[in-house]
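This report describes the architecture of a model with the aid of its sequence and coordinates. Please consult both while reading.

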Amino acid sequence: MFDFLIQGFGVALTPLNLGLAFLGALLGTLFGALPGIGPINGIAILMPLAYTLGLPAESALILLAGIYTGSEYGGRMSSILLNVPGDAGAVMTTLDGHPLAKKGLAGPALGLSAVSSFIGATVAIIGLTLFAPLLAIVAVKFGPAEFFALMIFAFASMSAMMGKDPVKTLIGAVLGVLISTVGVDSGTGVLRFTFDMPELYDGIDFVVMIIGLFAVSEILLMLEHAFRHDQEGEMAPIGRVMVKMSEVLYCKWAILRSSVIGFVIGVLPGTGASVASAVAYTTEKRISDHDNSFGTGNMRGLAAPEAANNASAAGSFVPMLTLGIPGSGTTAILLGALMLYNINPGPMMFREQPVVVGGLIASLYIGNVMLLLLNLPLAGVFARVLQVPRWLLVPSVAILAFVGVYQLHSDLMAIYLMLIIGVFGYLLRKFGFSLAPVVLGFVLGGLMEENLRRALSISGGDVGILFQSGLSIGLWIAAALVVLIPMFAGKLKAKFLPAAKAS
Amino acid sequence: MPNSRFLSRWLVAAVTGGALLAGAVQAQAKPPECIAPAKPGGGYDLTCRLAANGLQDAKLIDEPMMVSYMPGGIGAVAYNHVTGVRDDDPNLIVAASTGAALNLALGKFGLKHKVDDVRWLGALGVDYGAIVVRKDAPWNNLDELMKALKQDPSGVVIGAGGTVGSQDWMKAALMAKAADVDPRKLRYVSFEGGGESLAALLGEHIQVFTGDLAELKPQLDSGEIRILAALSEERMGGPYADIPTAKEQGYDVEWPIWRGYYMGPNVSDEAYQQWADRLRELNDTESFKELREGRGLFPMSKFGDDFHQYVKQQVADFQQLSKEVGLTR
């Protein structure tokens, strides 16, 4: 039954395809590392090139898939080094990745995240190889009601992040949800909060939101420091550059758990790396944050989202290859690329196009190894980026991001919006808000609303639909548990272990 | 520190390189350009690529056509831009579809924008709406589905990839109207695009999907779905030959989804004519026929003034229809 895979390795190991896989991995890492160019745009830019060069379908797909998986690797770099997420899946990576860099552990952080990315992707690719057809059937059973319950679970898990200031976390998440309501209402087509500006009809672009919130506000903070002649939050000198084996082993369960979470969420059509990494991070915090150090540079807090976002990238190939339904925004574009080649991805593809499917899956294995080999030594190089003064580094990255965003919108409005959001982000940070809940509220809130309304349109307004399937009931129970258990656990601990409190 | 110097140099080079690259895009002596009024990767992107790849393969343009993106307002931002800023650019075409005509008819591009504000150039292909059910659905033909709808309009869950008032909704609404059912009584669920709707159909969350014919080919081949009716004028050939039209089953509903282009209002007649001729010529080449088939589009030959009148008529029809289905007054 694995004939297609053997055939696939035959295809993927030809010099041309190996070269393309490497090129894809390299370009993808760069696209991911630059905020503003995510995998979607990277692929959209290179898709016509691959076609114009006259590459055969499997080679083009190998190149584009390399870019996709590579950018999930690359997205972590600016998250860790600059506190600016490189793409959607890398938002959670900032939470512990950047504090690690501040401690002088940028090199090990980059190395560890490369290893967890590798493991996450590998687990997911094996899952893809073994269970794709089976999973696809389960994935479509996941309907609006189940998605809504999943979002509730994700929000409930966020309560784990409410560490020192629960009210501010809550406010931040609600602000994010509020921002997600801008634009055409997805059910009725009514315009909401658009103030007659057509630029706002489609809602606020995720990239605009991220660059504004993280990069622009960072520049504003630096400006403020410069004005006041403050000592800027200096980076610790760069210590060792390689990650230690003991650190990887410390994270092994975090990585494996998150890989599975990421893969499962990636398989579901309609959710991608951002949801996967958020759920993985918050779950991991619940499970293994014993000393409340998540958010201050805990290695597990870094490994979890990185394993998950790479796993979800591979997972999103499952519905694409088996059902012809994109599992993420990026695979939607890959579907379009296949159509340029007269290949209709879907249920028949494994039988009709074994070379393409096998070649793609084999190249995912190979590309993933390449990415690890590429990224481990790069960790040392990129860690040194921090020796460039921040006043030069952050604006340079911001300029690149601005150019990228302008190219995608051909409209200054996007830039203005980004600046406005930047000022907003600056104020939030001055008032001691964490930005991650805002972004999560923004991403999850939109999905939650859409799916709630879909579920209610299906049932004709009967809320019973939300509790009908075993899947959704399970998610509701899980959501309740993640909120309730810590509350009671705290009390129980206080009651039976008074010593624990004192320590 | 030698490393740091190496790195700053490297970084400066990267930044200038990036800036130059961006500058180069701006500074080039006007190559032909196609604006896709959406984010990369969507239907409009593919519409632009259809022209860009086709024209280049057929050597009908000297320089490669640039595709740029202008998302926003389901196409309104680009419409604004072309009617206001680049209104006389002879090298610029903008991708459009039936959806743009519908939005114009519903006033979603802003009430000041009319169909005559741009010059409609031509269409390179067309797809048709389709009424789709799962393979195990209780209805064997359109008539049975329509009778079920008549009996209980909210008893059938219909879903598709657009909001109320979108193309996909219009297909459902027109069907309802043909069965004398009030479209507002339908149980309609909007998803994000055809892919999600199809997943919902296969996962038994919705019962009927009002999709597009050609995008369903893979699932049709595998027997996962049945297409009860094609919303085309007459039966399509090839793999679709067995699918009856709605019309031949007694329900007069048609929904063509053309893929075409428009230009700015003040483009010279000469430039407009030249582009129309180019598209017409492209449409007749053998290599383009393959390209079009690959994109899952059926032929449609309307160019220049012919096409302009077609779109104008369509917008007028849509305005009438939207009143009939209770969308506007």
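The text below treats the overall form of chain A, one of its helices, the contact between the chains, and a group of strands in chain B.

**Chain A as a whole**

The model is a predicted one. Chain A contains 22 helices and two strands. For its 503 residues, a compact globule would be expected to have a radius of gyration near 23 Å, and the value of 22 Å computed for chain A agrees with this. Along the principal axes, the C-alpha atoms of chain A fill a box of roughly 65 × 55 × 55 Å. Buried residues make up 59% of the 503 residues of chain A. When contacts in chain A between residues at least 6 apart in sequence are considered, 79% of them join residues at least 24 apart.

**Helix H19 of chain A**

Helix H19 of chain A covers residues 412-430. Its 19 residues, at 1.5 Å a residue, should span 27 Å, and the end C-alpha atoms are indeed 27 Å apart, so expectation and model agree. The buried residues of H19(A) include Ala414(A), Leu417(A), Met418(A) and Ile421(A). Gly422(A), Gly425(A) and Tyr426(A) of this helix are buried as well. The packing partners of the buried residues of H19(A) are helix H9 (206-227), H18 and H20 of chain A. After H19(A) comes Gly432(A), which has a positive phi, near 80°.

**Contact between chains A and B**

On the side of chain A, 54 residues are in contact with 57 residues of chain B. Six helices of chain A each supply at least two residues of the side that touches chain B: H3 (39-52), H6 (106-141), H14 (317-323), H15 (329-340), H18 (390-409) and H20 (435-459). By character, the residues of this side of chain A comprise 29 nonpolar, 18 polar and seven charged. H18 and H20 of chain A thus appear in the contact with chain B and also among the elements against which the buried residues of H19(A) pack.

**Paired strands in chain B**

Strand E5 of chain B (residues 157-160) pairs with strand E6 (residues 187-190) and with strand E7 (residues 208-212), while strand E4 (residues 119-134) pairs with E7(B). The pairings are listed here.

| Strand pair | Sense | Bridges |
|---|---|---|
| E5(B) and E6(B) | parallel | four bridges |
| E5(B) and E7(B) | parallel | two bridges |
| E4(B) and E7(B) | antiparallel | five bridges |

Individual bridges show how the strands are aligned. Ile158(B) of E5(B) has Tyr188(B) as its bridge partner in E6(B), and Val208(B) as its bridge partner in E7(B). Val208(B) is also the partner of Val133(B), whereas Gly159(B) is matched with Phe209(B). E5(B), helix H6 of chain B (residues 167-178) and E6(B) together form a right-handed β-α-β unit.

Are the residues of E5(B) buried or exposed? Val157(B) and Gly159(B) point one way, Ile158(B) and Ala160(B) point the other way, and all are buried. E7(B) is likewise covered on both faces, with Val208(B), Thr210(B) and Asp212(B) buried on one side and Phe209(B) and Gly211(B) buried on the other. Because five of its five residues are buried, E7(B) is largely enclosed by the rest of the structure.

Notes
Residues numbered from 1 in each chain as written. Chains lettered and ligands numbered in written order. Predicted model: local features only at pLDDT ≥ 70, side-chain atom pairs only at ≥ 80, totals over all residues. Contact = placed C-beta atoms within 7 Å. Nonpolar A, V, L, I, M, F, W, Y, C, P; charged D, E, K, R; others polar. Rg over C-alpha atoms; globule rule 2.2 N^0.38 Å. Buried ≥ 20, exposed ≤ 12 C-beta atoms within 10 Å, placed from the backbone. Expected span 1.5 Å × (residues − 1). Pairing = 2+ DSSP bridges. Right-handed = clockwise from strand over helix to strand, strands pointing away.
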